[in-house]
Amino acid sequence: MRIAIDAMGGDHAPNSTAEGALAAAKEWTDTEIILVGDQQVLKPLLGEAPNNLRVHHASEMIAADDEPVKAVRRKKDASMVVAGRLVREGQAEAMISAGNTGALMTTGLLVVGRLEGIERPALAPMIPTVDQRGVLALDLGANMDAKPEHLAQYALMGSIYRQKVHGIAAPRVGLLNVGTEAMKGNELTKAAYPLLEDLPIHFVGNVESRDILSGACDVIVCDGFAGNIMLKSLEGTAGTMFSILKQEFSKSLKNKLAAAVLMPSLRGIKKMMDYKEHGGAPLLGLNGLVVKGHGSSDGGAIRNAVRQARLALQSQLTENIAKEISRK
């Protein structure tokens with residue numbers, strides 16, 4: 001399999017992408033890693049690269065503050081756009097980018113292309129849960145607005161992802177809402193509820209955001225606006241809690257001794273909540289695998305994104321989604 005990495009996208013690129021690409025190429029020798037970006041910048045960072053890692057030159061890059069549609073249309077030789085073109089032309093089976101989210105969504109739509117029958121691709125990151133099964137959440141920011149039919153497609157794609165990639169036989173799919181009763185919510189969720197009931201999935205009804213981390217479902221469906229707010233709230237809460245604990249543990253000698261005893265467990269909790277461990281979020285519904293890495297991804301996160309892409313390719317995720325959508 002061949003996986004293209006946008007070498008110039010992300011807060012710490014290209015150092016982080018080069019580091020992650022090297023680690024992935026050394027670990028998975030059966031996978032060709034294509035690092036897309038400026039050759040002159042990348043070559044010195046790679047040293048003696050393994051045979052399954054190569055650079056594909058791209059003379060431009062899309063910045064974090066670039067307007068997505070304009071950037072994709074005008075910067076034809078941007079690393080992100082070139083990586084997308086490699087997927088479209090069959091020179092790579094997947095691409096990874098930690099760059100501008102809006103530009104990556106635009107690249108997915110305009111360069112890679114949508115699957116037939118899919119109206120809106122969805123950004124689907126994994127959110128950690130206390131039972132360590134995690135919950136796949138979609139959409140979490142690719143589309144701010146959605147129609148009931150879009151939520152139904154998100155539910156179907158999310159269920160397929162958890163079945164094929166994570167091996168869950170009958171993933172529990174929930175609809176994010178303000179209450180668990182069937183008729184709760186706004187017009188969107190009220191209209192989407194019966195559509196989800198009619199799908200060939202294990203729909204468990206409405207799920208409140210307070211129950212997400214406790215593992216109430218395996219897939220949570222929502223529009224991008226509500227989903228992104230939920231994600232940022234969870235990230236902010238986790239960060240604040242660890243900050244408070246750090247302050248408390250440093251207040252006295254007694255607290256410092258307690259911290260020393262608890263530190264291994266706290267590190268384990270922090271690792272479980274760390275986005276770097278998940279690698280990235282797939283954009284489901286495209287005619288090729290596109291994975292969005294966190295903007296501040298380090299080398300480890302890029303390596304984990306490659307691992308995630310490999311699993312999705314091995315399970316033929318895109319093909320399975322296309323097959324299921326064509327049956328509807």
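Which helices and which strand each supply at least two residues of the lining of the second largest pocket? Keep that question in mind as you open the model, which is a predicted one.

**Stop 1: the second largest pocket**

Select strand E8 (172-177), helix H7 (187-197) and helix H8 (224-249). Each of these elements supplies at least two residues of the pocket's lining. The space inside is about 240 Å³. In total, 13 residues line this pocket. To find its centre, pick Leu176, Asn177, Val178, Thr189 and Ala226, the lining residues closest to that point. Now colour the lining by class. Seven residues are nonpolar, five are polar and one is charged.

**Stop 2: the largest cavity**

Next, go to the enclosed spaces. The structure holds two cavities of 30 Å³ or more. Begin with the largest cavity, where about 50 Å³ of space lies. Select its lining in steps. Start with Leu115. Add Leu283, Leu284, Gly285 and Leu286. Then take Gly288, Leu289 and Val290. Finish with Leu317, Thr318 and Ile321.

Show the cartoon as well. Strand E11 (281-284), strand E12 (289-292) and helix H11 (317-327) are the elements that give two or more residues to this lining. Which of the elements gives the most? Helix H11 does, with three residues. By class, the lining of the largest cavity has eight nonpolar residues, three polar and no charged ones.

**Stop 3: the second largest cavity**

Move on to the second largest cavity, with a volume of about 40 Å³. Select Thr101, Leu104, Met105, Leu123, Ala142, Leu283 and Lys292 to see its lining. Leu283 should be familiar: the largest cavity has Leu283 in its lining, and so does the second largest cavity. Helix H5 (residues 101-112) gives the most here, with three residues. Colour by class again. This lining has five nonpolar residues, one polar and one charged.

**Stop 4: a salt bridge between two strands**

Now turn to the charged side chains. Side chains of opposite charge can pair when their charged atoms come close. How many salt bridges does the structure hold? There are 10.

Select Arg54 and Glu32. Their side chains meet in a salt bridge, at 2.5 Å from N to O. The partners come from distant parts of the chain, 22 residues apart. Arg54 sits in strand E3 (residues 53-57), and Glu32 sits in strand E2 (residues 32-37). Switch on the surface. Arg54 is partly exposed, at 33% relative accessibility. Glu32 is partly exposed too, with a relative accessible area of 25%.

**Stop 5: a network around Asp218**

End with Arg133, Arg172 and Asp218, which are linked in a network of salt bridges. Take Arg133 and Asp218 to begin. Their side chains meet at 2.8 Å, N to O. This pair is 85 residues apart in the chain. Look for Arg133 in the loop between strand E6 (126-127) and strand E7 (135-138). Asp218 lies in the loop between strand E9 (202-208) and strand E10 (219-221).

Then add Arg172. The closest N and O atoms of Arg172 and Asp218 are 3.1 Å apart. Arg172 is in strand E8, 46 residues from Asp218.

Is Asp218 buried or exposed? Asp218 counts as buried, because its relative accessibility is 0%. Its two partners fall in another class. Arg133 is partly exposed at 39% relative accessibility, and Arg172 is partly exposed at 21%.

Definitions and conventions. Residues are numbered from 1 along each chain as its sequence is written. This is a predicted model: local features need pLDDT of at least 70, side-chain atom pairs count only at pLDDT 80 or more; totals for chains, interfaces and linings use all residues. Side-chain values use heavy atoms; hydrogens and water are left out. On a 1 Å grid over the protein atoms alone, a cavity is a set of points where a 1.4 Å probe fits but cannot get out, and a pocket is an open set with protein on both sides within 12 Å along at least five of seven lines; lining residues have an atom within 4 Å of a point. Grid points are joined across faces, edges and corners, and a volume is the space filled by probe spheres set on the points. Helices (H or I, at least four residues) and strands (E, at least two) are DSSP runs, numbered from the N terminus. Ala, Val, Leu, Ile, Met, Phe, Trp, Tyr, Cys and Pro count as nonpolar, Asp, Glu, Lys and Arg as charged, and the others, Gly among them, as polar. A salt bridge is a side-chain nitrogen of Lys or Arg within 4 Å of a carboxyl oxygen of Asp or Glu. Buried means under 20% relative accessible area, exposed over 50%, partly exposed in between (1.4 Å probe, protein chains only).
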